[in-house]
Amino acid sequence: MGKPKHLAQAFSNSDFSLSRLLGGMTPAEFLADYWQKKPLLVRQALPGFGDWLDRDSMSELACRDDAESRLVRVNRGRWLLDHGPFQGEELDELPQRGWSLLVSGVNHLLPEADRLLHSFNFIPYARLDDLMVSYAPPGGGVGPHFDSYDVFLIQGKGRRRWEISGQEDLELVEGAPLRILKHFTADESWILEPGDMLYLPPKFAHNGVALDDCMTWSVGFRAPTAQEMMSQFLIYLQDHLEVPGMYADPERRFSRHPGEIPTDLLRWVEGVIRTAAWGKAEIGDFLGRYLSEPKAHIFFDPPSRPLSPAKFTQAITQRGIHLDPRTQFLYRGQAFFMNGERIECAGVMAIALRELADKRELPGAKLLDQELISLCHHWYASGYISLT
């Protein structure tokens with residue numbers, strides 16, 4: 001991967017403290033005064049952020065099969081959208097102005113980006129989605145739009161002018177491949193320099209235009225719709241409910257209207273459906289599995305020559321472990337959900353797994369329980385965790 005050689009060092013030397021990221025506020029103050037309420041501009045939230053990636057690095061990411069990439073252009077007032085993976089040659093031939101290259105899930109591709117994403121851990125990981133990076137030459141952007149989720153926009157290389165609006169008119173341009181607002185009137189405007197950050201609540205209209213070669217890092221949050229939750233829960237019930245019985249009608253009488261649905265069949269089906277019952281336990285199990293399930297395009301890379309259980313035990317007790325950037329590990333009570341798989345445990349093992357889920361790493365001193373080591377070896381062999 002052609003990232004700048006100083007990238008890892010830049011990340012390791014950077015101050016990702018919440019106090020700096022939030023402009024000196026505590027997380028409690030930010031949540032009370034700004035979260036899902038109003039925008040916040042933080043100058044130098046990440047000093048020295050600068051050119052941590054460049055156009056060549058972005059092009060290489062956009063050409064990868066395991067990356068979600070998009071190219072946004074405008075041609076005579078008409079918005080165009082292409083999906084990757086792209087070929088390097090077609091990206092090299094792009095004009096000098098007026099386009100944007102976006103790569104989603106960069107936190108899955110660069111460990112340093114994963115660390116940046118999880119610095120926003122004052123919000124539960126169940127709500128944290130991904131880190132998207134965009135590159136644009138002068139004049140590039142994706143048009144005036146709004147997001148249905150909270151977003152932190154961090155300026156990397158170059159400068160971008162952001163216009164924002166609290167307008168209620170969210171009508172979209174009909175037939176456009178992007179969610180472009182038909183009418184946009186800016187209330188405020190700022191030019192973001194490298195290291196500046198802008199927080200925007202859901203459905204807050206905004207438009208960003210690159211003033212020079214420009215990179216923006218976007219921390220996005222997950223906001224499932226009620227329809228999505230209901231649909232996915234019904235699929236979950238289909239896989240987990242077992243309803244006994246079969247319809248029978250030994251007392252059936254001759255019908256003069258064979259095309260009519262029989263009343264007794266309707267009542268039987270009604271009774272069957274009403275027997276389907278679920279409660280807090282089923283909903284919690286569904287939510288843990290669903291929220292930790294990797295996206296369809298994500299695949300894990302198990303070690304080609306995994307360590308034996310004995311050598312693995314020796315290695316992790318000395319070095320510790322960390323979650324793979326693609327791994328989602330959540331918990332509720334004594335139930336733990338690793339990439340859609342559920343396990344239950346209590347005691348010392350549960351304490352260690354909660355720390356692993358919260359901090360996304362675990363030192364060797366916490367890895368002494370044999371049952372925990374055996375579980376971690378299974379996850380290691382699946383590519384879910386790595387040695388620190």
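**Notebook: patch, cores, helix H11 and salt bridges**

I began at the surface, where Trp268, Val269 and Ile273 make a nonpolar patch of about 270 Å²; patches are made of residues with over 30% relative accessible area and no salt bridge, like charges being joined within 9 Å and nonpolar side chains (Val, Leu, Ile, Met, Phe, Trp, Tyr) within 5 Å. Accessible areas come from the Shrake-Rupley method with a 1.4 Å probe, and for residues only the protein chains shown count as cover.

I noted that this is a predicted model, in which local features need pLDDT of at least 70 and side-chain atom pairs count only at pLDDT 80 or more, while totals for chains, interfaces and linings use all residues. Residues are numbered from 1 along each chain as its sequence is written, and side-chain values use heavy atoms, with hydrogens and water left out.

I then looked up Ile273, which lies in helix H8 (residues 263-275); helices (H or I, at least four residues) and strands (E, at least two) are DSSP runs, numbered from the N terminus. Ile273 is exposed, with a relative accessible area of 58%, where exposed means over 50%, buried under 20%, and partly exposed in between.

In helix H8 I also found Arg274 and Glu270, four residues apart, about one turn of the helix. Their side chains form a salt bridge at 2.9 Å, N to O (a side-chain nitrogen of Lys or Arg within 4 Å of a carboxyl oxygen of Asp or Glu). Arg274 is exposed at 66% relative accessible area, whereas Glu270 is partly exposed at 36%.

Searching the whole structure, I found 17 salt bridges. One of them joins Lys295 to Asp129, with the closest N and O atoms 3.0 Å apart. Lys295 lies in the loop between helix H9 (280-292) and helix H10 (309-319) and Asp129 in strand E5 (residues 128-136), so the pair ties together parts that are 166 residues apart in sequence.

Turning to the interior, I listed the largest nonpolar core, which has 54 residues, and in which Phe30, Phe120, Phe152, Ile154, Trp217 and Val219 touch the most other members. A nonpolar core is a set of buried Ala, Val, Leu, Ile, Met, Phe, Trp, Tyr and Cys residues joined through side-chain atoms within 4.5 Å.

Last, I looked at helix H11 (residues 347-359), where Met349, Ala350, Ala352, Leu353, Glu355, Leu356 and Ala357 are buried. Just after H11, Arg360 takes a positive phi of about 65°.

Note on methods:
Buried < 20%, exposed > 50% of the residue type's maximum accessible area, 1.4 Å probe, protein only. Expected span 1.5 Å × (residues − 1).
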